[in-house]
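Thank you all for coming; I would like to walk through one model this morning, taking a few local features in turn. Please have the sequence and the structure open in front of you while I talk.

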Amino acid sequence: MPKLTRRGFLQGSLAGGAAAGLGATSTRLHAACAQAGAGGTDTLVYVFLRGGMDGLHLLPPIGGPDRTAYDSLRPNLAIPTSGDPAALALDGDVGLHPAGAPLADLYSQGALAIVRAVGMPTAVTRSHFDAETFVELGTPGDKSTNDGWIARHLASHPDLDPDATIPVLATGTHTPTSLLGDPGVLTLDRPERFDPVVAGWPNWEGMMPAVLSDLYSGDDAVAVAGQEALDAQAVVEEAGFADYQPANGAIYPEGALGQHFQLIAQMIKQGLGLAAATVDFGSWDTHNRQDTDLGGGGAFSSKLRELAGALHAFHTDLGADHAGKVTTVVQSEFGRRVRENADIGTDHGYGNHMLVLGGNVNGGRLYGEWPGIRDGERFQGEDIQALTDYRTVLGEILSKRLGNPNRDTVFPGFTDAGSLGVVAGSSAATGDSAIFCSGFEGA
Amino acid sequence: MQRRPRPSPTRRHVLAGGLSLAALPATDPLRAFADTRKPQRRRPRAKGVTAPPSLAVAALNRMGFGPWPGDIEAFNALGSTDAARLQAYIDRQLDPASIDDAPFEQRLADAAYQTLGKSRTQLWADHVLPSFDVLPWFERIRPLLETEAATFLRGVYSRKQLVEVLADFWHNHFNVFAEEFPIYSMFVHYDREVIRANLLGNFRQMLEDVAQSVCMLYFLDNVESSDDGPNENFARELLELHTLGVENYYGVGSPDTVPTDSNGDPLGYVDNDVFEAARSFTGWTVANGHWSDENDPDNGSFYYRDFWHDRFSKLFLGRFIPANQPALKDGRDVLDMLAAHRGTAQHVCAKLCRRFIADDPPQRVIDAAADVFADQWQAPDQLAQVYRVILESPEFAATWGGKVKRPLEIAMSAMRAGAINLTFKPDDTDAWTPTEQFVYEYAATGQRLFHWPAPNGYPDEQAAWLSSTAMIMSFRTVNRLLNIEHADDRPVIDVIQPTLDALTADRRTAQRLAEFWLQRILGYLPDSARVDRIARFMAQEDHETPTAIPLDEPIDITVDEWPHYHQSRLRAMVGLVLMSPELLDR
């Protein structure tokens, strides 16, 4: 089958001229879908919670010795175990913030796994920007790396279609560091406005984008960026992302986060060869009045409610047809101090939790050694320890779900090839199972 | 899986010898990485740094937001040689009081902003204190909206262009996210008395004004920091972003691990310095009527709450700060040490050079600027002296293409080159005003003014915004600008009259129209292929009909009628010129 590239897609549609309607488009999209299947890899969805999400507030202890320490270190911030609102029971003595209720549902479905006390054991920093850079470059301690870990994953994948229509999507307006150096990334915030020509402007049958495309035909960084942007715009317009009905009764939360997850779901269902997508969700830096209303009105509660709702809607929307080929990872640059500060907030900490969601996730379980939060168990007396390297988790996903055996390239110098068993599947070298792609009429 | 956290071998530690090499894990990730061959996919050729098309073009695009029609000629009239012209231009821009800014002043008067002249306490009284039931939301945020509008007004119309570029630089350096209570209400004060009042002055003074501003005190939480539990947020970003920079951060270890200079002073900081700085700033707050303090006047002024201050001794950057110092002294000592530190000079000057010269600026200029920054740290015109070093460097005049304009710079450039006629002004009526149409499109680039949520400000390296969304939305913003009309149907950017004025009817050929507008907008003519492509668009070429009108045949641009719509076509052509890759160079 001939490869379908973004350029080829466009040239095909231009050759058809104005007659190239949705029928022709959908045939091409089907072709792309089948092509994407040949690689046998999951779509990676990488969600970054910027600002340092307070993992202890997400998963408060609801019993045992941790609870005693928690009550004493967080006298004003602790989530109660009874009354309304109260922490939800998740797993034994581990509770869940009430605003995260949809996560409990995903957990009990077996779709959500949680890795605790994870982080960067080899590099300690309490700088947001250092920590984010280290995590996203995939080289803790070294900021001189000139590409992001997802960019290296895509570049080193042995049989990823290098010419997929939309191989990689960064939702939002900026390219995150994890994709730094990737030459094909599409950043997309709001598809309905993603057009260089405003409505109502005479466009002479698309001549303005065509001339722009000629103006940006060079091979320097600006020209390539402009050309990529124009190509992407044409694809987005053809694919018609503005009209979409989520499946299986999924309801995305209002706001940019829900829109971004919905866009990813749509691209996956349309079979555009999406290998990786990123989601940025910020404002977790809760130094002050972290959560004055646990019922959803507090700063943390409202963020969590949106996050949990979006993850739940996304998984539901993908449904049985697609969820098994999508692995979503949620992480933050670090956790927060165990002891609350004087402003009913928390300062920058260290270890944190990672969430892994998907149809082939061994969910409903907690992973990672848990150090506890009592005196003597905390890192430097203050923080949750980082006992599991986040690259161990990503490395396992890389190998078992993304079909990329080149861990050493993606995480250079990281020698731990271990696996916690968070996801199903065999390692990439032995090959992956076939996938099924239902294209437009799916779900 | 590791059982215990390892020591933290950051690059800095390794280089500084802060940890013995024996303490490193057997396979040092840093070294192993250096040997890793990187995978290759198709990558764009790096845009070479070349000589600028002309010194005028370089100066106007780097010390300002690009040329207004006539600026190139005015620059070239400043002297008989390039060097003399640049020198005269720098001298004038560094002495903004000497610049006749009458057209801008008239615009500013016409805009009749209501809040830009209000004092700090007046802003507090008018826009913060009234309850949410009483004060309409628009009035509460009017100070922010008027600052935003005025920033566009100044950037487009003021001849003090360097001041505008610097205001944007320092707003990002001391970034506060303006959509938070009560920052939006007080933003006028931050812009006028903190950022603009100091940008040609002294960095140490600016630091103190920032540290005492309502906006920063709230944004980074120092407003509530007390000895009962110091809040680290401000202290950490003060060290990491505002002064020493994260390149001088030695991690979470003991202060003893920080290497020292020949005087025995530490080259950088560790977490302990953050904590000690946080203690030093306890009690620096805002008079906001705190329940615990009956003397608090609740007028929005800076307020030192003595009983919140941690009065005991501190050890900061290797220096002892004694206990029981007079009011404010601990914090001022910290600011003094930071402002005088060589690391601060290097960090700030590297950022300035990145803004003025290239994403990866030459080290020689950074060092030369840092020398002056450090030597003159107490001079009232310290920053002007520093800018002068950078602007007068050979590297500033000789390089081009090391920067790609950010969305803000693209929009400003396009509006200036198009000689836009628009008095930017917020509006609370149902009308969809030209200012609102513009800001709506521009905000979708992801770089709306004062809306970056993190304290580090918008990134200043092109990789961050050479993204499909930022590019498409920048194009769309330009396209929208050519499409916005005043209430009386006049376009905000008029392309017809300047063309009629400049070219006689017999000279209005597609070829000459393209040349005229390329020259007017870019300040030079790009290569002939570029001119030809623009000209063929003007000549009605489309994918079915190549060159409907000969390139040398005059076109009647006094009419806009079926089938050719020449005036609309000319507007679209100008839009394409404004979206061309050359406009993105600086």
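Let me start with a question about chain B: in which loop does Asp298(B) lie? Asp298(B) sits in the loop between strand 1 (284-286) and strand 2 (302-304) of chain B, and I should say straight away that what we are looking at is a predicted model. The reason for picking out Asp298(B) is its backbone, since it has a positive phi of about 50° although it is not a glycine. Its relative accessible area is 27%, so Asp298(B) is classed as partly exposed.

There is another residue of this kind in chain B. Phe450(B), again a residue other than glycine, has a positive phi, near 65°, and its place is in the loop between helix 21 (434-443) and helix 22 (468-481) of chain B. Is Phe450(B) buried or exposed? With a relative accessibility of 7%, Phe450(B) counts as buried, the cut-off for that class being under 20%.

Staying with the backbone, I turn to cis peptide bonds. In chain B, the bond from Phe181(B) to Pro182(B) is cis, with omega near -10°, and Pro182(B) is placed in the loop between helix 9 (161-173) and helix 10 of chain B. In chain A, the bond from Asp84(A) to Pro85(A) is cis, with omega near 0°, and Pro85(A) belongs to the loop between helix 4 (64-73) and strand 2 (88-91) of chain A.

Now to the helices, beginning with helix 8 of chain B, which covers residues 137-157. Does its length fit, or fail to fit, what one would expect from its 21 residues, and what is the expected span? At 1.5 Å a residue the helix should span 30 Å, and the end C-alpha atoms are 29 Å apart, which agrees. Helix 8 of chain B nevertheless has a bend of about 50° at Pro143(B). As for its surroundings, 20 of the 21 residues of helix 8 of chain B are buried, so the rest of the structure largely encloses it.

Chain A offers a similar exercise in helix 11, residues 299-322. For the 24 residues of helix 11 of chain A, 1.5 Å a residue gives an expected span of 34 Å, and the end C-alpha atoms are 33 Å apart, which again agrees. A kink of about 35° is centred on Thr316(A) in this helix.

Next, how helices pack in chain B. Helix 17 (residues 363-375) and helix 18 (residues 382-391) of chain B have axes that come within 9 Å and cross at roughly 160°, which means that helix 17 is roughly antiparallel to helix 18, the cut-off for that description being over 145 degrees. From helix 17 of chain B the contact is made by Val365(B), Ala368(B), Ala369(B), Val372(B) and Phe373(B), while helix 18 of chain B contributes residues including Leu383(B), Val386(B), Val389(B) and Ile390(B). A general point helps in reading such lists: an α-helix has 3.6 residues a turn, so residues three or four places apart point the same way. The crossing of helix 17 of chain B past helix 18 of chain B is right-handed.

For helix 10 (residues 183-196) and helix 11 (residues 203-211) of chain B, the packing angle is about 155° and the axes are 9 Å apart, and therefore helix 10 of chain B is roughly antiparallel to helix 11 of chain B. Their contact involves Tyr190(B), Glu193(B), Val194(B) and Ile195(B) on helix 10 of chain B, and Met206(B), Asp209(B) and Val210(B) on helix 11 of chain B.

One further residue in chain B is Ile496(B), in helix 23 (residues 496-502), which is buried, with a relative accessible area of 14%. Which residues does Ile496(B) contact, leaving aside its neighbours within four places in sequence? They are Ile557(B), Gln567(B) and Leu570(B).

I will finish with chain A as a whole, which has 13 helices and 11 strands. Of its 443 residues, 65% count as buried, and of the contacts in chain A between residues at least 6 apart in sequence, 74% join residues at least 24 apart. One of the buried residues is Val124(A), at 4% relative accessible area, in the loop between strand 4 (112-119) and helix 6 (128-137) of chain A.

Technical notes:
Residues numbered from 1 in each chain as written. Chains lettered and ligands numbered in written order. Predicted model: local features only at pLDDT ≥ 70, side-chain atom pairs only at ≥ 80, totals over all residues. Heavy atoms only, no water. Helix = DSSP H or I, 4+ residues; strand = E, 2+ residues; numbered from the N terminus. Expected span 1.5 Å × (residues − 1). Bend = angle between axes of the 7 residues up to and from the residue. Buried < 20%, exposed > 50% of the residue type's maximum accessible area, 1.4 Å probe, protein only. Axes fitted to C-alpha atoms, helices over the stretch in contact; angles between N-to-C directions. Parallel < 35°, antiparallel > 145°, perpendicular 65-115°, else oblique. Left-handed = near helix turned anticlockwise from the far one by under 90°. Contact = heavy atoms within 4.5 Å.
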